[in-house]
Amino acid sequence: IGIYAVAAILMLATVVIGDTEQPLANAIPTVQITDVVGRTVEIPANVTCVASLAGQGYDKFIILNQIDKVSEMHPVTCPWAFKVAPQLKDIPIVASENDPNIEDLLSKNVQVVFSMYFRKGVDKMTDAGIPVVVPQFAADNDNSGLPQNESEFEDLVKQEMMLYGRVLGPEAEKNADDWCEYFDQLVKHVKSRTQGLNSSQRPTVFWGKGPDPQITHTKNSYPQWFVEIAGGDYAAENVTGAGVQTISIEQIIKWNPDFIFLGRVNNTSIVMDDPKWKNIKAVQNRNVYLSPAGVSWWDYGSEGVLFMEFVAKTIHPELFQDLDMIKEIKKYYSKFYRYDLTDEEANRILKHLPPAN
């Protein structure tokens, strides 16, 4: 077991064998898991059936090679997910992540539910006796629990992956550990070239989450930390409030970002061809880019580590001349999704295009 798996076992799990008042033959081994919001949850030691209500949780099941344990899941919105893991098409979609169908979960003998921290839904499932593990904060919370610096962010990203691994068993835990080591290596490599940059060398970056380009993730969000590790100055770094906010065009003009990255949209024309954006530096210099989209969106999915590289390459080309994003994408997909992309397929992902067929 790798170092992250060991840490997760020591920090997050305690084995409890059954109820002392029951005969040993009827005892069910359980473990106690502490999730990312600090909740202690008792779950079966051998989990074989889960439901995934957490946004982009499905990419973790692909990485951890545990898709067969998923009985139902949050809707998948990225077509590359079905290309890489066609079996996802056969998994039922949950009707509501905030108001889950308890009878349905019970009828499928779901042992654990992964859910965002939508309190109504979490409380409803918990009251019904269904263990709920929260791997990531949700947009209905304030950002007080989010990482306050790069180090805390890096730890949180790895904790999320290891949490899935710890719940899903030894194979998943080993795969999660491998991913965390890869994440550390890439972060260390990018930081080795960007950490010494002073404020004047860090271009201002605006992240438009979409579908409205004025919507952005707020202070201490994943996109902020990926941008800052990549050597950028995140425009919305002081915008507080839950999850995402719509920023006035006046404020964006005041920030006057050097670069704009657009997430869950299909073209840059919504900014480039809109007159109200025309005086912004990024538009004038044609530094408006679509964020790549693969198995998951690159802002909060596991491929965020590739987003970090993509931003670094884009805003500091002189520092990352040797970084080949096509090779990086192919390596990631082969190593973690067990899918060998062609150069053409990797290029389509880089350009935010769906599979050709």
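**Ser71**

I looked up Ser71 and asked whether it is buried or exposed. Ser71 has 13% relative accessibility, so I put it down as buried, given that the cut-off for buried is under 20%. I am working from a predicted model, so I log this as a computed value.

Next I checked where Ser71 sits. I found Ser71 in strand β5, residues 70-73. Then I listed its contacts, leaving out residues up to four places away in sequence. Ser71 touches Cys49, Val50 and Ala51. It also touches Ile91, Pro92, Lys108 and Val110. I took one C-alpha distance as well. Ser71 and Cys49 are 22 residues apart along the chain, and their C-alpha atoms are separated by 6.3 Å.

**The open sheet**

I turned to a sheet and asked in what order its four strands run. The order is β10-β8-β12-β13, the pairing is parallel, and the sheet is open. Which strands stand at the edges? I noted β10 (233-234) and β13 (288-290) there. Each has a single partner strand, so one side of each is left without a neighbour in the sheet.

I then looked at β8 and β12. Strand β8 covers residues 204-208 and strand β12 covers residues 259-262. I counted four bridges between them, in the parallel sense. Trp207 stands opposite Phe261 in β12.

What lies across β8, β12 and β13? I found helix α12, residues 304-315. Helix α12 runs at about 150° to β12.

**Aromatic pairs**

I wrote down the total of aromatic pairs, which is 20. I picked Phe153 and Phe226 to start. Their ring centres are 5.0 Å apart and their planes are at 90°, so I entered the pair as edge-to-face. The pair links distant parts of the chain, 73 residues apart. Phe153 belongs to helix α6 (residues 150-168), and Phe226 to helix α8 (residues 222-229). I checked burial too: Phe153 and Phe226 are both buried.

I then went back to Phe261, which forms an edge-to-face pair with Phe310. I noted 5.9 Å centre to centre and 75° between the planes. Phe261 is in strand β12 and Phe310 is in helix α12, 49 residues apart. I have Phe261 as buried, and Phe310 likewise.

Last, I asked which residues form one aromatic cluster with Phe261 and Phe310. I listed Trp207, Phe259, Tyr289 and Phe307 alongside those two.

Conventions
Residues numbered from 1 in each chain as written. Predicted model: local features only at pLDDT ≥ 70, side-chain atom pairs only at ≥ 80, totals over all residues. Heavy atoms only, no water. Pairing = 2+ DSSP bridges. Helix = DSSP H or I, 4+ residues; strand = E, 2+ residues; numbered from the N terminus. Contact = heavy atoms within 4.5 Å. Axes fitted to C-alpha atoms, helices over the stretch in contact; angles between N-to-C directions. Phe/Tyr/Trp six-rings, centres within 6.5 Å; stacked < 30°, edge-to-face > 60°. Buried < 20%, exposed > 50% of the residue type's maximum accessible area, 1.4 Å probe, protein only.
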